[in-house]
Amino acid sequence: MTDCLFCRMVAGEIPADVVHETDRTLAFRDINPQAPTHVLVIPKDHHRNLGALAAADPDLLGAVVRAAADVARQEGLVADGGVEPGYRVVTNTGPQAGQSVDHLHLHVLGGRGLGWPPG
């Protein structure tokens, strides 16, 4: 999709601070971080949201989740096999949930205490 911000990042048309990449996923730092660590993980293929990707390509959804876990380890948010110190993964679907780019993206957040409930 030529008008999709994240598709243009995947294509290299728009720069991104890439922290992790596989053949099917891309992870980069959020330009408006909400925590000391705030990385977005996206599928390289365009899928509007979590439900669309789950219906179209469950294997790719698994790859996106694995990439988010890899980013958390890489960023020091979790030790191998452990849960400390911890991190949160968030995805938004639709405008009421705060989705601002219609390309599925997981937010990997950590580096500080994250209260509950969010928002």
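## Charges, strands and rings

Arginine 24 comes out as partly exposed, at 28% relative accessibility. In this report, buried means under 20% relative accessible area, exposed means over 50%, and partly exposed is in between, using a 1.4 Å probe and protein chains only. The model is predicted, so to speak with care: local features need pLDDT of at least 70 and side-chain atom pairs count only at pLDDT 80 or more, while totals for chains, interfaces and linings use all residues. Residues are numbered from 1 along each chain as its sequence is written, and side-chain values use heavy atoms, with hydrogens and water left out.

### Salt bridges

What does arginine 24 pair with in a salt bridge? Its partner is aspartate 57, with 2.7 Å from N to O; a salt bridge here is a side-chain nitrogen of Lys or Arg within 4 Å of a carboxyl oxygen of Asp or Glu. The two residues come from distant parts of the chain, 33 residues apart: aspartate 57 sits in the loop between H2 and H3, and arginine 24 in the loop between S1 and S2. Helices (H or I, at least four residues) and strands (E, at least two) are DSSP runs, numbered from the N terminus. Aspartate 57 is buried, at 18%.

Seven salt bridges turn up in the structure. One of them joins aspartate 102 to arginine 48, with the closest N and O atoms 3.5 Å apart. This pair also links distant parts of the chain, 54 residues apart, with aspartate 102 in the loop between S4 and S5 and arginine 48 in the loop between S3 and H2. Aspartate 102 counts as partly exposed, at 38%.

Aspartate 70 and arginine 73 make a local pair: their closest N and O atoms are 2.5 Å apart, and both residues lie in helix H3, three residues apart, about one turn of the helix. Both are partly exposed, aspartate 70 at 28% and arginine 73 at 35%. There's also a network of salt bridges linking Asp17, Arg29 and Glu75.

### The sheet

Five strands build an open, antiparallel sheet, ordered S1-S2-S3-S5-S4. Its edges are S1 and strand S4 (87-90), each pairing on one side only. Neighbouring strands are turned by 20° against each other on average, direction ignored. Two strands count as paired if DSSP finds at least two bridges between them.

S1 and S2 run antiparallel with three bridges, and a hairpin of three residues joins them. Within that pairing, glutamate 21 has leucine 26 in S2 as its bridge partner. Next along, strand S2 (residues 25-29) is joined to strand S3 (residues 37-43) by five bridges, again antiparallel. Phenylalanine 28 stands opposite leucine 40 in S3.

Helix H3 (residues 58-74) lies across S1, S2, S3, S4 and strand S5 (106-110), at about 155° to S3. Axes are lines fitted to C-alpha atoms, for helices over the stretch in contact, and angles run from 0 to 180 degrees between N-to-C directions.

### Buried residues

Here are some of the residues that count as buried.

| Residue | Relative accessible area |
|---|---|
| Phenylalanine 28 | 3% |
| Phenylalanine 6 | 4% |
| Cysteine 4 | 7% |
| Cysteine 7 | 13% |
| Histidine 47 | 14% |
| Valine 19 | 16% |

Valine 19 belongs to strand S1 (residues 18-21). Leaving out residues up to four places away in sequence, valine 19 touches Ala27, Phe28, Arg29, Val39, Gln74 and Glu75, where contact means heavy atoms within 4.5 Å. Valine 19 and glutamate 75 are 56 residues apart in sequence, but their C-alpha atoms are 9.0 Å apart.

Histidine 47 lies in the loop between S3 and helix H2 (50-56). With the same sequence neighbours left out, its contacts include Ala52, Leu60, Asp102 and His103.

### Rings and cysteines

The structure holds one aromatic pair. Phenylalanine 6 and phenylalanine 28 meet edge-to-face, 5.4 Å centre to centre and with 70° between the planes. They're 22 residues apart, phenylalanine 6 in helix H1 (residues 5-10) and phenylalanine 28 in strand S2. Rings of Phe, Tyr and Trp (its six-membered ring) pair if their centres lie within 6.5 Å; planes under 30 degrees apart are stacked, over 60 edge-to-face, and the rest tilted.

How many disulfides does the structure hold? Zero. Cysteine 4 is in no disulfide, and the nearest cysteine sulfur, that of cysteine 7, is 3.6 Å away. Cysteine 7 is in no disulfide either. A disulfide is defined as a pair of cysteine sulfur atoms within 2.5 Å.
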